[in-house]
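Biologist: I would like a close look at the packed interior of this protein, with the residues that build it and the loops that border it. Please start with the cysteines and then walk me through the rest.

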Amino acid sequence: GATTPTNGSTTKTSPAAAYRKTNGHDLEGSCSALEEAMAACATHISSDASRTTLAKARDALSKLFGAQAKLTAQIDSSQKPPSEKKSLLDRCEKLEQAIEHASLELKDAVQGACVKRREAGDDAYASQQYDAAYAAYAAALGFAPDDVESLLGKARSASQLKDWPACISDARRAARLDVQASEAHSLLVTALLEQGDVQQAAQALGNAPDDVLESSEELQVLGTDTIPEAAKASANALFQRKKFPEALALYTLAVELTDGQRHVYLSNRSACLQALSRWERAADDARRVIELKPDFAKGHLHLARSLVRLDRKLEACEVLEEGIEDGPIAASRGLSEIMRHLHEFASIRRDRDSIYITRRSRGRVGARKTAAGITHRKTAGRAAATAVATAERRGDVGV
């Protein structure tokens with residue numbers, strides 16, 4: 001049966017009790033019982049009431065509404081005199097109005113209880129009592145689970161406590177309830193980054209509406225600096241462990257988030273593409289690096305290395321010459337050493353071509369020279385590639 005909350009206990013009242021007594025036949029008694037239950041319920045609707053009390057009040061009002069509707073139908077179909085029937089129906093109508101009014105008061109009371117606890121959380125947070133703030137916001141959400149401000153306060157407190165899973169859960173829910181809440185997106189992205197989930201952080205940032213991204217300086221910094229740097233750091237760690245496909249995905253993320261305007265991310269991606277033997281794409285990234293920052297020696301190095309692997313070593317010489325002209329002195333020394341090997345190959349290539357042309361007239365001697373030239377070419381090519389890799393490891397050609 002329905003219950004009406006009281007101080008520390010519950011008292012059985014109508015609607016169910018009234019029907020059990022009258023079996024629905026004492027319409028007058030049933031109406032009086034419902035009116036008494038309504039009055040008792042209304043006295044316990046307050047923002048100072050406990051969550052349990054307000055929950056019981058909500059349940060009681062729901063049952064009272066159903067009982068009132070049933071009683072109205074019984075009165076309407078009864079054989080009572082018109083005047084008596086009208087009097088009972090008027091009482092039922094007033095009871096319905098009272099239930100509707102109490103429902104509105106209950107809604108306000110629940111919101112008021114939530115606000116009181118949220119404000120307690122705000123005070124605790126301002127005093128840097130983050131555990132107390134977290135508990136107060138949680139209590140507020142007990143009254144109003146969809147209160148965005150309480151969700152944000154709880155996520156904020158969880159972030160101070162470094163409880164990243166809790167922060168992610170509350171911030172994500174707040175963002176879903178209010179997609180315009182920039183703080184929800186910011187807390188969510190930051191917590192995901194703290195957990196090392198860079199790609200999820202980028203996806204969460206992408207879920208924020210364009211107008212929110214444009215109006216929030218914090219979100220813009222996350223998108224153009226924080227996430228790309230985190231992606232680069234994670235990619236560097238993966239690169240060192242030779243997990244090149246995974247590193248490539250993160251380098252690409254950093255490049256895309258910065259619209260291909262950061263030479264360092266492109267340079268790193270070029271190195272990763274080289275590790276995967278994807279020389280054409282590596283060369284493309286290196287060219288873009290040189291375009292963005294001509295004095296960044298690693299751009300020239302990456303392009304030269306890729307061209308060597310594509311058997312375009314004369315072009316590689318030209319790239320390194322440009323790097324020596326544009327780059328700092330320390331980097332130029334490393335590039336000069338590499339270029340010396342490439343120039344050696346270039347002269348060998350010219351000799352090889354002339355030997356090949358006269359091969360038919362010189363017979364076996366020419367053939368032996370051609371074979372020797374090809375062997376020398378391979379040796380010089382390997383030496384050039386080794387010199388590139390050695391200089392890169394020593395740091396002669398990069399920042």
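Modeller: Happy to. The cysteines are quickly dealt with: the structure holds 0 disulfides, a disulfide being counted when two cysteine sulfur atoms lie within 2.5 Å. Cys41 is buried at 0% relative accessibility, and Cys114 is buried too, with a relative accessible area of 0%. Here, buried means under 20% relative accessible area, exposed means over 50%, and partly exposed covers what is in between, using a 1.4 Å probe and protein chains only.

Some ground rules before going further. This is a predicted model, in which local features need pLDDT of at least 70 and side-chain atom pairs count only at pLDDT 80 or more, while totals for chains, interfaces and linings use all residues. Residues are numbered from 1 along each chain as its sequence is written, and side-chain values use heavy atoms, leaving out hydrogens and water.

The pLDDT, which is the predictor's confidence in each residue on a scale from 0 to 100, averages 83 over the protein chain, and 76% of the residues score at least 70. Residues 351-378 fall below 50, and that stretch has 16 contacts in the model beyond near neighbours in sequence. Residues 395-399 are also below 50, with 14 such contacts. A contact here means heavy atoms within 4.5 Å.

Now the overall frame. The protein chain has 18 helices and 2 strands; these are DSSP runs numbered from the N terminus, with helices (H or I) of at least four residues and strands (E) of at least two. Of its 399 residues, 45% are buried. Among contacts between residues at least 6 apart in sequence, 57% join residues at least 24 apart.

That brings us to the interior itself. The largest nonpolar core has 48 residues, and Val189, Leu193, Val198, Ile227 and Leu250 touch the most other members. Such a core is a set of buried Ala, Val, Leu, Ile, Met, Phe, Trp, Tyr and Cys residues joined through side-chain atoms within 4.5 Å. Helices that give two or more residues to this core include H6 (148-160), H7 (164-177), H8 (182-194), H9, H11 (217-240) and H12 (244-257). The most comes from H12, with 8 residues. To see the packing up close, zoom in on Val189: setting aside residues up to four places away in sequence, Val189 touches Ala201, Ala204, Leu205, Leu222 and Ile227. Apart from this core lies another, of 29 residues, with Cys31, Leu61, Leu71 and Ile99 among them.

Next, the loops. Pro209 sits between helix H9 (198-206) and helix H10 (210-215), and Pro209 is buried at 19% relative accessible area. Beyond its neighbours within four places in sequence, Pro209 is in contact with Val179, Gln180 and His185.

The loop between H12 and H13 holds both Thr258 and Asp259. Thr258 counts as buried at 7% relative accessibility, whereas Asp259 is exposed at 64%. Leaving out residues up to four places away in sequence, Thr258 touches Thr224, Pro228 and Tyr265. Asp259 has a positive phi, near 55°, in a residue other than glycine. Lys162, likewise not a glycine, has a positive phi of about 60°. Lys162 lies in the loop between H6 and H7 and is exposed, with a relative accessible area of 59%.

Finally, the aromatic rings. The whole structure has 2 aromatic pairs. Tyr125 and Tyr130 form an edge-to-face pair, 5.2 Å centre to centre with 65° between the planes. Phe239 and Phe244 form an edge-to-face pair at 5.1 Å, with 65° between the planes. For pairing, the ring centres of Phe, Tyr or Trp (its six-membered ring) must lie within 6.5 Å; planes under 30 degrees apart are stacked, over 60 edge-to-face, and the rest tilted. Both Tyr125 and Tyr130 are buried. Phe239 is partly exposed at 24%, while Phe244 is buried at 16%. Tyr125 has a further partner: Arg156 lies over its face, 5.7 Å from the ring centre. That label requires NZ of Lys or CZ of Arg within 6 Å of the ring centre and within 35 degrees of the ring normal.
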